[in-house]
Amino acid sequence: MRPIKFAILGAGNIAHTMARTVTQMSEVEPYAVAARELSRAEEFAAQYGFAKSYGSYEQLLADPQVELVYIATPHSHHAQQALDCLAAGKHVLCEKAFTVNAQQAQQVLDTARQRQLLVAEAIWPRYMPMAKRLREVCDSGIIGRVHTLTADLGYNVLSRPRIHDPALAGGALLDVGIYPLTFASVAFGDDITSVASSAVMASTGVDAQNSIILTYADGRMAVLHSSVTAISQRGGTLQGEGGFAVVENVNNYESIRVYDHRRELIAEYRQPKQITGFEYEVKACVEAIRAGRIECPQMPHERILGMMRLMDTIRGQWGLRYPFEK
């Protein structure tokens, strides 16, 4: 089968990671990139061998050759840009957080359904083989019934405008906290009965760090933390009646080490060799497009919407609303 023509909307740091990925894949053709300045797009295209470079997003979407667009811009722009892509007849892979809130997400997903075009969220751990391994460890009984999980993710990045600016939907939750929440969702599912959270706000009004406790219908609990002011070990744990498991890097599952009730190592699973880890979400999109589907089974639309609703609830507990939200 011929490769799908792949385009990147935005030329920031995460766009470079995706470019390094798709240039090593046979499923897609690195075709076009757009930035707000043509010189940046041209430099990006030359660096990675993209055929086309555009100095506006509108020009990229007007190119009839573009088939799948990866949106790599700040959260505040995702919803409108996804809608613009769909209006232009393009499939969409949108960086996390998918949108700013559930209302925006619903509009994008409804439009995708109406136009019968793929829309997927680029929350990369969902698509990794290690996500399946994590669920297997949790459900297999190797450490007995699992009652609790923990996860933390923190970086010292508050000084970046994209992170501290309310107009860009900044803060720890949407940028960093979504990974501990995803870790909990992968391991425990989404049958949450209560949410308790607390946040420390930055001077700009966004959350600098937060802690979240999720309680599930079966009595399990998830204790999560994220920060854009402090560097964390990025770890996760599963705690069971007969032992526990330690996950290295909840942002990119590098290993899972399993211990018995004596705290002795009994199993270890390592991340398979990968390009960057982004290739799994791209492959999932290509497979879905070729099968005529509008969503990826690894991250279906209802799960995208559920995560946005959960983050809306959490932000509501803090009273955090972005200036452009109604």
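Strand 2 (residues 28–34) runs parallel to strand 3, and 3 bridges join the two. This is a predicted model. Strands 2 and 3 belong to an open sheet of 6 strands with parallel pairing, and a further open sheet has 8 strands with mixed pairing. The points below cover both sheets, helix 8, the aromatic contacts and some backbone features in loops.

**The parallel sheet**

- The strand order in this open sheet is 3-2-1-4-5-6.
- Strand 3 (52–54) and strand 6 (119–122) are the edges; each has a single partner strand, so one side of each has no neighbour in the sheet.
- On average, neighbouring strands here are turned by 25° against each other, direction ignored.
- Where strand 2 meets strand 3, Ala34 is placed opposite Tyr54 of strand 3.

**The mixed sheet**

- Its 8 strands follow the order 8-9-10-7-11-12-13-14.
- Strand 8 (192–201) and strand 14 (265–270) form the edges, and each of them pairs on one side only.
- From one strand to the next, the twist averages 10°.
- Strand 11 (residues 236–240) and strand 12 (residues 243–248) run antiparallel and are joined by 5 bridges; Gln239 has Phe244 in strand 12 as its bridge partner.
- Strand 12 also pairs with strand 13 in the antiparallel sense, over 6 bridges, and Val247 stands opposite Ile256 in strand 13.
- The hairpin of strand 12 and strand 13 has 6 residues between the strands, and in this hairpin Asn249 takes a positive phi near 75°.
- Strand 13 runs antiparallel to strand 14, with 5 bridges between them; here Arg257 is opposite Glu268 in strand 14.
- The hairpin of strand 13 and strand 14 has 4 residues between the strands, and Arg263 has a positive phi near 65° there.
- Of the 6 residues of strand 13 (residues 255–260), 5 are buried, so the strand is largely enclosed by the rest of the structure.

**Helix 8 and its ends**

- Helix 8 (residues 172–188) contains 17 residues and spans 22 Å from its first C-alpha to its last, close to the 24 Å expected at 1.5 Å a residue.
- The helix has a kink of about 45° at Ile178, shortly before the proline Pro180.
- Because 17 of the 17 residues of helix 8 are buried, the helix is largely enclosed by the rest of the structure.
- Ahead of the helix, Ala169 lies in the loop between helix 7 (161–164) and helix 8. Its phi is near 60°, a positive value in a residue other than glycine, and Ala169 is buried at 0% relative accessible area.
- Gly189, just after helix 8, takes a positive phi of about 85°.
- The charged end of Arg220 sits over the ring of Phe188, at 4.1 Å from the ring centre.

**Aromatic contacts**

- The whole structure holds 8 aromatic pairs. One of them is the stacked pair of Phe6 and Tyr70, at 6.4 Å centre to centre with 20° between the planes.
- Phe6 is in strand 1 (residues 4–9) and Tyr70 in strand 4 (residues 68–71), so this pair ties together parts that are 64 residues apart in sequence.
- Phe6 is buried, with a relative accessible area of 0%, and Tyr70 is likewise buried at 0%.
- The ring centres of Tyr322 and Phe324 are 6.0 Å apart and the planes stand at 10°, so this pair is stacked too.
- Tyr322 is buried at 3% relative accessible area, whereas Phe324 counts as partly exposed at 33%.
- One aromatic cluster is formed by Phe44, Tyr48 and Phe50.

**Loops on either side of helix 5**

- The peptide bond from Lys96 to Ala97 is cis, with omega near -20°. Ala97 lies in the loop between strand 5 (91–95) and helix 5 (102–115).
- Gln116 is in the loop between helix 5 and strand 6. Its phi is near 55°, which is positive in a residue other than glycine.

Notes:
Residues are numbered from 1 along each chain as its sequence is written. This is a predicted model: local features need pLDDT of at least 70, side-chain atom pairs count only at pLDDT 80 or more; totals for chains, interfaces and linings use all residues. Side-chain values use heavy atoms; hydrogens and water are left out. Rings of Phe, Tyr and Trp (its six-membered ring) pair if their centres lie within 6.5 Å; planes under 30 degrees apart count as stacked, over 60 as edge-to-face and the rest as tilted. Buried means under 20% relative accessible area, exposed over 50%, partly exposed in between (1.4 Å probe, protein chains only). A charge sits over a ring if NZ of Lys or CZ of Arg is within 6 Å of the ring centre and within 35 degrees of the ring normal. The expected span of a helix is 1.5 Å times one less than its number of residues. The bend at a residue is the angle between axes fitted to the seven residues ending there and the seven starting there. Two strands pair if DSSP finds at least two bridges between them. Axes are lines fitted to C-alpha atoms, for helices over the stretch in contact, and angles run from 0 to 180 degrees between N-to-C directions.
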